Amino acid sequence: MTNTPSPKKSGLRLLRRSLAALLLILLLLIALAWTLLRASLPQLNGKITLPGLQAPLSIGRDALGTAVLQGEHRLDLARGLGFVHAQERFFEMDLTRRSAAGELSALFGAKALERDKQRRMHRMRVRLSERFQQLSAADQALLTAYASGVNAGLAAQTLRPWQYLLLQAQPQAWTEVDSLLVVAEMFWMLQGSGIDAGFERARLRELSGDALFDWLNPRGGHWDAALDGSKLPPHGAMPTAEAFDLRKQAAAAPKQALSFKPESGSGFELGMGVSMASGGEAPVIGSNNWAVSGQRSAHGGALLADDMHLGLSVPSIWYRAQLQLGQGGASQRGAGLTLPGMPSLVVGSNGRLAWGFTNAYGQWFDWIKLPANLPPEQIQRYQETIAIKGEAAQTLEVREFKGAPIVREDKASGQAYALRWIAQRGEAFNLELDGMLQAGSVEEGLRIAQTSGLPHQNILLADSRGAIAWTIAGRLWRQAGVAQSYARFQAPDSAAPDWMPRADYPVVKNPSQGQLWTANNRQIGGESLGDGGFDLGARARQIRDRLSERAQHDEQSLAAIQLDNEARFMQSWAQRLGKVLTRSQRHDEVAAMLQAWNGRADADQVAYRLVRAVRLKTLDRLWAAWTLPFLGEQQLDEKRRTPWRAQFEYSASAALDQAPAHLLPPAYASWDALLLSQLDLAINELTLGATQPLGQATWGRHNASKIQHVLSKAIPALSMFLDMPSQPQGGDSNLPHVAQPAFGQSQRLVVAPGREAQGLLSMPGGQSGHPLSPYYGAGHAAWAAGEATPLLAGKLTQWLEARPQ
């Protein structure tokens, strides 16, 4: 008699077989993905052939992935650097050039179209193609050698970079113009938000009038820490009740919001910069650096510290490198950071001179208000074709007025505005900065900086003889003067500025106190730089004072300032809030918390987070109330409002301290009531609507790091494989240790030229863009823990020998 399996047993057997088959398929897919990933790994050992190489070139790497290139010719070093950049970072380089040129849609599809249209209006690829033909023969040769190395590195990979497999796309060869586009993207990253802010300021001045505008946007105050000790004359006197009274203005506020077509803010995020916040303070793209002269160091040489603040990503925006030209006593070595896509050291030290940057906020742009009846012959028209992945290409008509693209238009009135920007001029681009690799003194560094074509930077220079200096790096144009240019639309017949001769560049060299500092604040008085929206001076002032606390410094004392979490600026708000709590006899828990606060923005502090939230909410509330009569009801919407800028701190603080009845928003019975109301809102926010104890709402919990790969933002499932671990962190924007979840110190450098062996360099996100590389995320843990890693490469563990073809 045959035993027939029961239907239940047959079903279980079939289920087990199906699960086993699915598991096998899953394992095969994982094995295939692993194999494909490994096929695009960079080559770290062995021998390679580089087209155009003049002599043998060695490429070594240490445990952090620092690329150490040694060759006999400068162009050979450029070829080698291009090779390693391509193997480790080609995808990131590709995104950078595409972003600047407005060509992301060809890779990502229609989701990037609006961003591409905004960038394409500036026709950067066309402009920079023309510029390349005008460059010196030396610059052209350097770009050509680098591009050759990039393409050799790309071709040497067994399989195209893994990101292109995921996107089902093919990488395109690198050209010399692409490197110039990398510089253009830095212009966008460092100056784009300031340009938008300039438009907003000019619009507000036009609507409110000079007196009220100057009150809402003071240009300076007691936090200033200019290098030359200059103080700005008083501006923006508090308006009288006759000039501006909220008790009367509320009823007359306009009901229609302004409707401008923005130049930025498409919603397509690359993670290479910082996004505009909804509500709160408008972000400042910035950095810190400082230097002390030989009279302030034990060894007699100058010391330099530099930490550039940018959007943080995986991998890092920077690439650690050591370039050694020649051998023996005549050799020259530069160590520091390179920018993938460019052949030069960006910041670093060459044994005789060290240099570092912070973003400079002069006025590098003009907004031109065009008349409605502008004759058609005064408008130049161009056609730009935008390729879109998976769709037909689109044609964009670009309109320009005297070479300035028309990039904004009021939808209601048809009023148009053109943007005149230094970055649209070819002369703003060159490779003069490469000369820093062989510069021998502060004097040489000043000449190179002032002739360099790059986004405008505060550059600090320190040499082995003990000299220090500050100037502006980048091409400057002559300013019309703050009275004529700051927050004002320019007339169509206004002349385009001429270039400023080197002799007129501002310079501060070897000051008597033996120290220099910059933190995106106003550095000097006078009219030579204009005002493009300098940051509040609180960071700079604290750095200046920290430097002054010691008679002598060394590498460790300068590095300690980079991690300084003392919140001197926010302490002023804690004192203000404490006085209100004393008068009101409310919130005993908060009063006790303020009394116990250590005065720092440490990760475990609740009081810092609470005071910070109260400040932001208070300034938000006052800004919305005071600008509503001019900007309309969009100011009541956190997502649409024109944000306040750093210097608004002075206006708000003056009102809180003087308590004028006519400036108090009508919803509050007193100024104390306004501040207490914002405190209540902040407590509700920190306690998640009273569902969490206030004592658990630490600053680090809110300020936890979120450093992501660009593809994990689009595909969240990849986060666990690609992103850096999130962890609570201290630091904030108005103190030396700048740290926000995805923005902050993109590197930390401390060095005395000639003492590079004692130099320090760390960066987040890691060196390599390949998740299977031993250098993916290398050094990130040390950076996150505030631990210094050496500037110079350690023991080399990988070797490539490059030979001429």
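How many bridges join strand 10 to strand 16, and in which sense do the two strands run? Select both in this predicted model: 7 bridges join them, and the strands run antiparallel. For one pair in this ladder, pick Leu-353, whose bridge partner in strand 16 is Asp-463.

Stay on strand 16, residues 457–463, and colour by burial. Of its 7 residues, 7 are buried. In a regular strand the side chains alternate between the two faces of the sheet. Show Gln-457, Ile-459, Leu-461 and Asp-463 for one side, then Asn-458, Leu-460 and Ala-462 for the other; both faces are covered.

Next, add strand 17, residues 468–473. Strand 17 pairs with strand 16 over 6 bridges, again in the antiparallel sense. Ala-462 stands opposite Ile-468 of strand 17. The hairpin of these strands has 4 residues between them, and Gly-466 there takes a positive phi near 105 degrees.

Now turn to the empty space. The whole structure holds 10 cavities of 30 Å³ or more, and the largest has a volume of about 370 Å³. To centre on it, select Met-186, Val-346, Leu-433, Leu-454 and Pro-455, which lie nearest its centre among 26 lining residues. The lining comprises 15 nonpolar, 9 polar and 2 charged residues. Helix 8 (176–208), strand 5 (303–311) and strand 10 (353–359) each supply at least two of them.

Finish with the nonpolar cores. The largest has 159 residues; those touching the most other members include Phe-91, Trp-318, Phe-357 and Trp-421. Helix 8 gives this core its largest share, 14 residues. Another core, of 63 residues, lies apart from it; select Leu-204, Ala-601, Tyr-608 and Tyr-668 among its members.

Methods: Residues numbered from 1 in each chain as written. Predicted model: local features only at pLDDT ≥ 70, side-chain atom pairs only at ≥ 80, totals over all residues. Heavy atoms only, no water. 1 Å grid on protein atoms, 1.4 Å probe; cavity = no way out; pocket = protein on both sides within 12 Å on 5 of 7 lines; lining within 4 Å. Points joined across faces, edges and corners; volume = space filled by probe spheres on them. Nonpolar A, V, L, I, M, F, W, Y, C, P; charged D, E, K, R; others polar. Core = buried A, V, L, I, M, F, W, Y, C linked by side-chain atoms within 4.5 Å. Buried < 20%, exposed > 50% of the residue type's maximum accessible area, 1.4 Å probe, protein only. Pairing = 2+ DSSP bridges.
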